[in-house]
Amino acid sequence: ALFVTELALARLWISWGIQPAACIGHSIGEYVAACLAGVFDLPEALRVVALRGHLMEQTPAGAMLAVMLGEEQVRPLLSDGLWLAAVNGPSLCVVSGDPERIRQLQTRLRQEQVGCQELHTSGAFHSGLMDGAVKPLEDALRRIRRHPPRLPFVSNVTGRWISGQQAQDPANWARHLREAVQFVGGGRELTEFGAGALLE
């Protein structure tokens, strides 16, 4: 649902003559960016997104917590069962992992008067709990056609512009499922690019 809604919205803007100079997506949104860039044809993108969701549903139960701290402050809080899932801003990260460990972290942060909020998700995305889904997704991606991007877009894995090789590499998309979303880095790339307007 997220994928098709985001893609439909982007195509609506394009139908009105608003042509993107570049794209960035957040987690599943990067598949939208890749589809707009021509890396995946729509039918194949839909199959991959559906499979990705199915594989994620098979992973162990997990939870996610938004934390009003920067990456350097969050990393020391991580221990067994907790992973950095996203760096969304200079003072906004997401931690992902075992539900009990997430609850313990939330209690600790509230005692220290650090803003935090559990997210309404069905799993611990972008964490080690996704490990079982990584190889099946990579194997599936090897069986579909991939093309060089015709439109620049930013990688969540690196927070930098994606290269043609990375965009077509199944291992990159498998890492994308497991590793932290480097969204703040992507924002810096867009600023340096000179983006005068951002449309969500």
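The chain holds nine helices and four strands. The model is a predicted one, and the elements run along the sequence in the order α-α-α-β-α-β-β-α-β-α-α-α-α. As for overall dimensions, the C-alpha atoms fit a box of roughly 50 × 40 × 25 Å along the principal axes. The radius of gyration comes out at 17 Å, in agreement with the value near 16 Å that a compact globule of 200 residues would have.

A few whole-chain numbers fill in the picture. Buried residues account for 46% of the 200 in the chain. Of the contacts with a separation of 6 or more, 72% link residues 24 or more positions apart. On the outside, about 10,400 Å² is exposed, and carbon and sulfur atoms supply 54% of that area. The chain carries 18 positive and 20 negative charges, and the mean positions of the two sets sit 4 Å apart.

Helix H2 is a good place to start on the details. This helix spans residues 29-36 and is mostly covered, with seven of its eight residues buried. The buried set consists of Gly 29, Glu 30, Tyr 31, Val 32, Ala 33, Ala 34 and Cys 35. What do these residues pack against? Their partners are helix H1 (2-15), helix H3 (42-57), H6 and helix H8 (170-178). Just past the end of H2 comes Gly 38, with a positive phi of about 85 degrees.

One of the buried H2 residues, Glu 30, is also touched by Asn 156. Asn 156 itself belongs to the loop that links helix H6 (131-142) to helix H7 (164-168). Its relative accessible area is 3%, so Asn 156 counts as buried, the cut-off being under 20%. Besides Glu 30, Asn 156 touches Gly 25, His 26 and Ser 27, along with His 176, Ala 180, Val 181 and Gln 182, leaving aside residues up to four places away in sequence. With His 176 there is also a polar contact, side chain to side chain, at 3.4 Å.

Another polar side chain tucked away from the surface is that of Glu 189, in helix H9 (residues 183-193). Is Glu 189 buried or exposed? At 8% relative accessibility, Glu 189 counts as buried. Its side chain makes a polar contact of 3.3 Å with the side chain of Arg 160. Arg 160 is also among the residues that Glu 189 touches, together with Val 154, Gly 159 and Trp 161, again not counting residues up to four places away in sequence.

Over in helix H5 (residues 99-111) sits Ile 102. This residue is buried, with a relative accessible area of 0%. Its contacts, not counting residues up to four places away in sequence, are Ala 63, Leu 65, Leu 82, Val 95, Ser 96 and Gly 97. Gly 29, from H2, is 73 residues from Ile 102 in sequence, and the two C-alpha atoms are 25 Å apart in space.

Two residues early in the chain give a contrast. Leu 2 is placed in helix H1 and counts as exposed, at 57% relative accessibility. Its C-alpha atom is 23 Å from that of Arg 150, 148 residues apart along the chain. Ile 18, in the loop between H1 and H2, is partly exposed at 38%. Where does Ile 18 make its contacts? Not counting residues up to four places away in sequence, Ile 18 touches Trp 13 and Leu 199. Ile 18 and Leu 199 are 181 residues apart along the chain, yet their C-alpha atoms are separated by 9.7 Å.

Finally, two loop residues have an unexpected sign of backbone angle for something other than glycine. Gln 113 has a positive phi near 60 degrees, and His 126 has one near 55 degrees. Gln 113 falls in the loop between H5 and strand S4 (116-118), whereas His 126 lies in the loop between S4 and H6. Their surroundings are another matter: Gln 113 counts as exposed at 74% relative accessibility, while His 126 counts as buried at 4%.

Notes:
Residues numbered from 1 in each chain as written. Predicted model: local features only at pLDDT ≥ 70, side-chain atom pairs only at ≥ 80, totals over all residues. Heavy atoms only, no water. Buried < 20%, exposed > 50% of the residue type's maximum accessible area, 1.4 Å probe, protein only. Polar contact = N/O pair within 3.5 Å; in protein donor to acceptor, adjacent residues only side chain to side chain. Contact = heavy atoms within 4.5 Å. Rg over C-alpha atoms; globule rule 2.2 N^0.38 Å. Areas by Shrake-Rupley, 256 points an atom, 1.4 Å probe, with all protein chains shown as cover. Lys, Arg positive; Asp, Glu negative; His and termini not counted. Charge placed at Lys NZ, Arg CZ, Asp CG, Glu CD.
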